[in-house]
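Visitor: I am new to this structure. Please take one part of it and go through that part closely, with enough of the surroundings to place it.

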Amino acid sequence: MRADARRNRDAILHAAREVFATDGVLASLDGIALRAGVGNATLYRNFPTRDDLLAAVMEVDLDEASTEASLLGSERPPRAALAEWLVGLTWRLRIWHDLPHCVAEARAAPGSSMNPAVSMLVQETSKLLDGAKAAGEAVSTIEANEVFELVTALSWAVDRFGDDEVAARRRVEVATAGLFL
């Protein structure tokens with residue numbers, strides 16, 4: 001990639017992260033282009049859809065999430081690892097207003113460019129859930145997809161109710177209590 005093209009792409013990603021943080025993920029893409037100092041054609045050439053842009057912006061967060069899941073799985077007992085993952089994932093998904101909505105839409109659209117990111121989060125959830133099941137600490141009939149959808153719904157609630165981290169933790173603990181034996 002040419003240096004100027006790389007700079008434009010990086011500027012778009014930086015601007016998108018800032019705009020998503022203040023205005024949510026449904027903010028104007030043209031506004032993101034303006035903030036990045038590029039034309040909207042440059043934005044759309046790099047990221048043809050909102051999902052493409054959102055997936056690229058989320059990439060850094062997903063690497064952190066994967067590392068977090070691995071650490072939890074190796075440092076904590078299975079139930080505690082899964083419980084902490086669910087709290088952390090709920091908090092992570094609420095980071096930008098309307099992100100849970102976009103995640104849910106991506107799950108319903110098999111061709112969405114966000115699906116690799118979402119699939120990775122489901123896979124990490126599955127690993128921790130399987131560990132808790134194997135230890136006899138989680139209900140064996142519950143599937144990772146169901147747990148992920150619950151967490152997505154909880155992250156929406158955390159966003160909408162304006163929970164701080166303490167309130168979000170409590171909301172997740174109450175809502176997920178039925179997963180554990």
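Guide: Two residues are in contact when they have heavy atoms within 4.5 Å of each other. By that rule, residues 24 or more positions apart account for 68% of the contacts in the protein chain with a separation of 6 or more. The model is a predicted one.

The part chosen here is helix α6, and the whole chain comes before it. The protein chain holds nine helices and zero strands, so read from the N terminus on, its elements run α-α-α-α-α-α-α-α-α. Its C-alpha atoms fill a box of roughly 55 × 35 × 30 Å along the principal axes. A compact globule of 181 residues would have a radius of gyration near 16 Å, and the 18 Å of the protein chain agrees with that. Of these 181 residues, 43% are buried. The chain exposes about 9100 Å², with 53% of that area supplied by carbon and sulfur atoms. As for charge, there are 19 positive and 27 negative side chains, and the centres of the two sets lie 3 Å apart.

Now the helix itself. Helix α6 covers residues 99-108, and its buried residues are L99, P100, C102, V103 and A106. Viewed down the axis of α6, these buried residues fall within an arc of 160 degrees, so they line one face of the helix. The general background is that an α-helix has 3.6 residues a turn, so residues three or four places apart point the same way. The cover over the buried residues of α6 includes α4 (50-75), α5 (78-93), α7 (115-134) and α8 (144-161).

One of those covering helices, α7, contains T125. A residue is buried when its relative accessible area is under 20%; T125, at 1% relative accessibility, therefore counts as buried. Apart from its neighbours within four places in sequence, T125 is in contact with L82, W85, L89, A144, V147 and F148.

A second threonine, T176, lies in helix α9, which spans residues 165-176. With a relative accessibility of 4%, T176 also counts as buried. Its contacts, again leaving aside neighbours within four places in sequence, are L86, L150 and L154.

To return to the part requested: the buried residues of α6 line one face of the helix, and what covers them includes α4, α5, α7 and α8.

Definitions and conventions
Residues are numbered from 1 along each chain as its sequence is written. This is a predicted model: local features need pLDDT of at least 70, side-chain atom pairs count only at pLDDT 80 or more; totals for chains, interfaces and linings use all residues. Side-chain values use heavy atoms; hydrogens and water are left out. Helices (H or I, at least four residues) and strands (E, at least two) are DSSP runs, numbered from the N terminus. The radius of gyration is taken over C-alpha atoms; the globule rule is 2.2 Å times the number of residues to the power 0.38. Buried means under 20% relative accessible area, exposed over 50%, partly exposed in between (1.4 Å probe, protein chains only). Accessible areas come from the Shrake-Rupley method with a 1.4 Å probe; for residues, only the protein chains shown count as cover. Lys and Arg count as positive and Asp and Glu as negative; His and the chain ends are not counted. The place of a charge is taken as NZ of Lys, CZ of Arg, CG of Asp or CD of Glu. The arc is that of the directions from the helix axis to the C-beta atoms.
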